[in-house]
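Okay, thanks for coming, everyone. Let me put the thing up on the screen and then walk you through it piece by piece.

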There are 2 protein chains.
Amino acid sequence: MGKILAINRKSYQPAYAQIVDSIRHQIALGMYLPGCRLPSESQLCKQFQVSSVTVRRAINVLVNQGIVDTSQGKGSFVKPLKLGNVSFHLNELQEIFEDNENTQVKLVFARIMAAEKSIAQKLQIPEGDRVIHIRRLISNHNIPLIYHHQHMIYDPSQPVVEAELDLTSLGGLFVGAGKTNLKKGLLNLKLATLNEEEALHLKGEFGVPAFRLEHTFFDLKDRQVSWGWFIFFEKSLNFSAKVGVWKQSQEVDDV
Amino acid sequence: MGKILAINRKSYQPAYAQIVDSIRHQIALGMYLPGCRLPSESQLCKQFQVSSVTVRRAINVLVNQGIVDTSQGKGSFVKPLKLGNVSFHLNELQEIFEDNENTQVKLVFARIMAAEKSIAQKLQIPEGDRVIHIRRLISNHNIPLIYHHQHMIYDPSQPVVEAELDLTSLGGLFVGAGKTNLKKGLLNLKLATLNEEEALHLKGEFGVPAFRLEHTFFDLKDRQVSWGWFIFFEKSLNFSAKVGVWKQSQEVDDV
DNA sequence: AAGTGGTCTAGACCACCTA
DNA sequence: AGGTGGTCTAGACCACTTT
């Protein structure tokens, strides 16, 4: 055995991170079972020979990681696995966009048109106002992965719109590289089946089920700037997530 | 104007949370644009009249919230919106399971059988070993929402299995109420179309696209205990997420 | 050399819970 | 009353980056 009970001051790893690892490890081994109380902070202070602030920090990290729950006056407890804690990330999507070398964006359609009722509603503008409608195909290694529809308010004086007008780039929008003046976004993951146009571009079959990721972006003044969706199927992109305690050291997030 | 530049010591809100709110607010207003540097820690200390530790804590919260990035020796910067930061949660699923009053779980099928190849593979057991196969229908307010398939290793001596053998309950498994001895889980969100059986129970149409949430759970010894999936469609459950800066005060997560 | 983030301490005070 | 988590300080030291 011989699990770290003291902190290695010479380690490149800060003390609080070592404590996090140590506790994670003990939970993973079943030494602290779900629902059980962890040693109190003052006990941990003695055990690890660190100040209370450092112990607190470690515990906060564990709380952030969803592994531990604290309750004032009672103690800190190992949290049982909970499905509601799961979160899915769009890392894969992100990676595609970041892989500049091998990712191409092809502009399939671009037109300025009067907003139909449904679009006007989504963008919170009067029906008939001019909007830019764009459709793009995103491929990686020449394999078509994602089809993108986007409707934007037509106002070239707005910096956001201007940035997006580089139609074949992805803009800072999706990679976060640029200094987009977008403040916030709302995403919605839905189901769809490929229509003929999409099936054609994605080289899928008509009627095949697909993910449809809808997005609405807002500028700094909380105005809706764009609305659209990405469509792709399971082969291209998958959503996976982990819950509970995996390995003992997963890059202590922070505090 | 008139935004809090000093901390209210009498507030129920801790100082670090007030700083978080203040900075969030300024980012939201566009006073700090994406990519811009925030005032240095020492400046913030003076501005808010707090110690460096308190400022650091506030900044760490902002980093956790994905709004700010720090870089040693350089400074702290407002992070541009990034799609990759989005995360989808299963809160809605969670809520259904927690709504005990109105949620019913109906056992549709339960049998002990020899593991087929595919199942054996998923559970990492020899083909032919006995597994429990369960199918359940989860309804809320008598509206069928989710259909659940689950395959479990047959070993009643294992506490996890024993707990799950209360077939019509959801076990602590999904609500986190119990002291399940599960250590970790792996989830996968996929696409499917309803088969006849599922369509029947969910009162949907055959062939309609649906979400399929696959799960694998592991016990404390890293053994795979169960494998299965939830199937449901968009009407029943939706996935939404936010990115960027929403309101100024969203329950400062922690540190 | 000066500025910036990152870590840590020893001790203080508070609010809450269990006796 | 005594234990537990939660917050905060004033100052220290380190590592990194810029000038």
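**Around the DNA**

Let's start with DNA strand D: it has 22 residues around it, and the nearest are A:Ser40, B:Pro14, B:Ala15, B:Thr54 and B:Gly73. Before I go on, keep in mind that this is a predicted model.

So which elements supply that surface near strand D? From chain A, at least two residues each come from helix 2 (41-48), helix 3 (52-64) and strand 2 (75-78), and from chain B the elements that do so are helix 1 (15-28) and helix 3 (52-64). If you sort the surface near DNA strand D by class, you get six nonpolar, 13 polar and three charged residues.

Now flip over to DNA strand C. It is surrounded by 22 residues, with A:Ala15, A:Ser51, A:Thr54, A:Gly73 and B:Glu41 the closest. Here, two or more residues apiece come from helix 1 (15-28) and helix 3 of chain A, plus helix 2 (41-48), helix 3 and strand 2 (75-78) of chain B. The class count for the surface near DNA strand C reads six nonpolar, 13 polar and three charged.

**Chain on chain**

Next up, the two protein chains. How many residues of chain B are in contact with chain A? It's 56, and they meet 56 residues of chain A. On the chain B side, the elements giving two or more residues are helix 3, strand 3 (87-89), helix 4 (91-98), helix 7 (171-175), strand 7 (182-193), strand 8 (209-219) and strand 10 (239-244). Strand 7 of chain B has the largest share of that side, with 11 residues. As for chemistry, the side of chain B touching chain A has 28 nonpolar, 20 polar and eight charged residues.

Strand 7 of chain B comes back in another way: it pairs with strand 10 (residues 239-244) of chain A, antiparallel, over six bridges. If you want a spot to zoom in on, go to A:Val243, which sits opposite B:Gly185 of strand 7.

Helix 4 of chain B, also on that list, deserves a closer look. Its buried residues are B:Leu93, B:Ile96 and B:Phe97. Look down the helix axis and those buried residues fall within an arc of 95 degrees, so they line one face of the helix. The textbook background is that an α-helix has 3.6 residues a turn, so residues three or four places apart point the same way.

B:Gln94 is in helix 4 of chain B too. Is B:Gln94 buried, exposed or partly exposed? It counts as partly exposed, because it has 18 C-beta neighbours inside 10 Å, and buried would take 20 or more. Setting aside neighbours within four places in sequence, B:Gln94 is in contact with A:Leu83 and A:Gly84. For a sense of distance, B:Gln94 and B:Gln224 are 130 residues apart in sequence, and 23 Å apart from C-alpha to C-alpha.

**Inside chain A**

Over to chain A, which has eight helices and 10 strands. Of its 255 residues, 40% are buried. Take the contacts in chain A with a separation of 6 or more: 56% of them are between residues 24 or more positions apart.

Helix 1 of chain A is a nice one to check by hand. It has 14 residues, which at 1.5 Å a residue should span 20 Å, and the end C-alpha atoms are indeed 20 Å apart, so that agrees. The helix is mostly covered, with 10 of the 14 residues buried; among them are A:Tyr16, A:Ile19, A:Ile23 and A:Ile27. And what do the buried residues of helix 1 pack against? Helix 2, helix 3 and strand 2 of chain A. After helix 1 comes A:Gly30, with a positive phi near 85 degrees.

**Odd backbone angles**

Last topic, and this one is for the Ramachandran fans. Most residues other than glycine have a negative phi. In chain B, B:Gln124 is not a glycine, yet its phi is positive, about 60 degrees. You'll find B:Gln124 in the loop between helix 5 (117-123) and strand 5 (130-140), and it counts as exposed because it has 12 C-beta neighbours inside 10 Å.

B:Asn142 is another non-glycine with a positive phi, about 65 degrees. Its place is the loop between strand 5 and strand 6 (143-153) of chain B. B:Asn142 is exposed as well, with 7 other C-beta atoms within 10 Å.

That's my tour, so over to you.

Key:
Residues numbered from 1 in each chain as written. Chains lettered and ligands numbered in written order. Predicted model: local features only at pLDDT ≥ 70, side-chain atom pairs only at ≥ 80, totals over all residues. Near = placed C-beta within 6 Å. Helix = DSSP H or I, 4+ residues; strand = E, 2+ residues; numbered from the N terminus. Nonpolar A, V, L, I, M, F, W, Y, C, P; charged D, E, K, R; others polar. Contact = placed C-beta atoms within 7 Å. Pairing = 2+ DSSP bridges. Expected span 1.5 Å × (residues − 1). Arc of directions from axis to C-beta.
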